[in-house]
Amino acid sequence: MHKLYFIADSSTTSLVNINHIKKLEPKYSKTIQFIYLNNVGVDSLMHAVSQFEKGNAIALINYFQDEKGNPLNFNSLVQEIARPTNVPIFLDSEALLGEGIIGGIINNGFAHGREVAVLALRFIDENNYIPNERIAHPKNNYYFDYRIMQKFDISEKLLPENSIIINKPHTVLVRYLRYIVLLFGIISFLLLIVLLLLMNIKRRKKAEAVVKQKLEEIRDQNIKLESANQLVSDMNARLEDINKHLTVTNEELNKAKEKSEEADRLKSAFLANMSHEIRTPLNAIIGFSSLLVDPFTTSEDQEQFIRIINSNSDQLVRIIDDILDLSKIEAGQLKISNEIFCVNEILTDLVYLFRKHNNNQLVEIRLSKFTDKCRLMLQSDPTRFKQILTNLVSNAVKYTDRGIVEVGFSLDDDHEVTFYVKDTGIGIERKYFADIFDRFWKIEEITNIVYSGAGLGLAISKRLCEMMGGRIWLESEPGKGSTFYFTQPAYFIRGGSKDSKSVSAACKGKNNWNGYTVAVVEDEVNNLQLLIKILERQNANVIGFKSGNEVVDYFRNNKDYPVNLILMDIKMPGMDGYMAAKLVRNICPDIPIIAQTAYAMVDDIVKLKDSVFDDFIIKPIKTGLLIEKICNFISND
Ligand code: ADP
């Protein structure tokens, strides 16, 4: 039979409790013996407890006072009882769980206390009472200490259902459960992250593929757009070109329209003017011609009439020449010859002629001083050159009432000569500077001042000048005068004091070359004869040679040569002029040698200038020029 010891103090509560327990006794009388240890002194109790045998149990009801009624520290007393005893102690105190007792149905003291407090609050502190706060109904639970169960070999199976076991050591799994859970959590977290990453990678790859595809599509679109753009800009450029072209064409058409209107106007003006210009000299020619045959006309009158008829015929011819020239120029049929000529001669002759025909005493026509200082050669068309100058000078004379008309040139550099014709005449307004070079154009048409002229001179001069490689322009001030300039490519210039005027003057004093001997070397018989004739007319002695060898032999054999000057042809069979001149120069260094040649190209001239010759003359030889050149070498004595 098992023994169940009930420990209690002598308090009323304990007695009440024991009385209750005793009522249960008959129910267990066959298996359990109920033993009541109440009102036992602490020492006796301690002794008794240590004697209890295994297989029995203690139910500790109350022990708050000793047998004399002195209060006891229940908690430390229970711990002291638990230490020596061999049986488990069942107790309902929550506070002593884990302090040596095995457990039992435990009152939840804290919950009970709280319930009481809430209940009390309802009555004593209405302000802090929360009306609807529920009063908890804490349940009492079975609590058991695992360590004590182990100590007394009590199996868990014996415990009531839903018992709570404290101090039960964890199994390995349970012990490391936290870590395992943590690890699992971490692994799961990592796995989740990996999964998320994988998903992300997959999604990203997918997205990348989509993006790549989109990019390719965009690139394709871009390429298409670029080529479309290119196409558009090409088309734009083409349209712009077309536009420009159209604008230019439009402008050209407008200009052409304006030009044709202007041409129309000019043509009408020209026709009216031409009629006047042609009829005026014709009138004089016809009128005076009829007077010539008049029986009352004296021979003196006849002479004057013939002069008038001649001068008017010249005027008429000039007009017709101008018209023909302009037609030729415009048809591209006018040819410019290419000859070497002396500018000074042309200027001198021109000024001389104009002076001769100038009836206005108040106008002086002169050559510039600089023109005297050097001898200028041009390679061009002398006739057309003269024509330009004639036009400019005749205008200058025509539009100048008093003052000066000066002709001259200046050397800008080695490549260009600027000719000018300056007057102190009526001048031209700046706004007409460009127009006056148009054909048929006359300021008189606008100003209604009447001067003769068809309005062709400047147009022809401009075209000629340009065809000869030059430019033409003017400076002018109304009331003060005008200066017309034109340029020509320079050919070469011979500096020196012997200008054409002084040469002419010198020649005048030396035109009798009595006693002078000139050796002429020329293989062409006719040319030789011509030269001999020219020279003999000047009363010179002439010795003719038909080759270079002949003349060299002559000087070799005639040490006392009576020759004053040699005219040497360049191209001859056998020894040419260069070699012959060189050899002769060696024999007699003082004799001047003038080359006469048909080689008139620039290179030939340069060669001649650098050679032993003192001067040269280009064929066809002009008598005047030849005489002038020889005069340069004939001394005054
Ligand atoms: P024209 O034979 O009528 O003189 P040009 O072509 O030679 O024709 O000249 C055109 C116009 O230029 C002239 O009608 C004249 O009005 C003006 N002009 C030319 N040269 C001069 C000048 N030296 N002084 C003033 N006006 C000039």
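## Two sheets, a helix pair and a ligand shell

Val407 stands opposite Val421 in β12. This pair is one place to start in a predicted model. Val407's neighbourhood leads to a sheet, and the sheet leads to the ligand.

**The mixed sheet**

Strand β11 (residues 403–411) pairs with strand β12 (residues 416–423) in the antiparallel sense. Seven bridges link these two strands. In general, strands of a sheet pair through backbone hydrogen bonds, either parallel or antiparallel.

β11 and β12 belong to an open sheet of five strands. The order is β9-β11-β12-β14-β13, and the pairing is mixed. At the edges stand β9 (363–367) and β13 (472–477), each of which pairs on one side only. From one strand to the next, the twist averages 15 degrees.

Helices pack on this sheet. Helix α10 (residues 343–357) touches β9, β11 and β12. The direction of α10 makes about 165 degrees with that of β9. Helix α12 lies across β9, β11, β12, β13 and β14. The angle of α12 to β12 is about 25 degrees.

**The ligand**

Which elements each supply at least two residues of the shell around the ligand? They are α12 (382–398), α13 (443–447), α14 (457–467) and β14 (481–489). The largest share, three residues, comes from α12. So two elements met above return here: α12 lies across the mixed sheet, and β14 is one of the strands in that sheet.

In total, 21 residues surround the ligand. The closest are Asn395, Lys398, Asp423, Glu444 and Leu458. By class, the shell has eleven nonpolar, six polar and four charged residues.

Polar side-chain atoms of three residues lie at these distances from ligand atoms.

| Residue | Ligand atom | Distance |
|---|---|---|
| Lys398 | oxygen | 3.0 Å |
| Tyr399 | oxygen | 3.1 Å |
| Asp423 | nitrogen | 2.9 Å |

How much of the ligand does the protein bury? Taken alone, the ligand exposes 530 Å², and the protein buries 96% of that.

**The parallel sheet**

Another open sheet also has five strands, in the order β17-β16-β18-β19-β20. Its pairing is parallel. Why is one side of β17 and of β20 left without a neighbour in the sheet? β17 (541–545) and β20 (615–618) stand at the edges, and each has a single partner strand, so one side stays without a neighbour. The twist averages 20 degrees from one strand to the next.

Inside this sheet, β16 (residues 517–521) and β18 (residues 565–569) pair in the parallel sense over four bridges. Val518 stands opposite Leu565 in β18.

Helices lie across this sheet too. Helix α17 (residues 548–557) lies across β16, β17 and β18, at about 125 degrees to β17. Helix α20 (residues 623–631) lies across β18, β19 (593–597) and β20, at about 175 degrees to β20. Strand β18 is therefore crossed by α17 and by α20.

**A helix pair**

Two packed helices are described by the angle between their axes and the distance between the axes. Helix α3 (residues 42–51) and helix α4 (residues 74–82) pack at an angle of about 35 degrees. Their axes are 9 Å apart. Val42, Leu45, Met46 and Val49 of α3 make the contact with Leu77, Glu80 and Ile81 of α4. By class, this contact has six nonpolar, no polar and one charged residues.

Methods: Residues numbered from 1 in each chain as written. Predicted model: local features only at pLDDT ≥ 70, side-chain atom pairs only at ≥ 80, totals over all residues. Heavy atoms only, no water. Pairing = 2+ DSSP bridges. Axes fitted to C-alpha atoms, helices over the stretch in contact; angles between N-to-C directions. Contact = heavy atoms within 4.5 Å. Near = heavy atom within 4 Å. Polar contact = N/O pair within 3.5 Å; in protein donor to acceptor, adjacent residues only side chain to side chain. Areas by Shrake-Rupley, 256 points an atom, 1.4 Å probe, with all protein chains shown as cover. Nonpolar A, V, L, I, M, F, W, Y, C, P; charged D, E, K, R; others polar.
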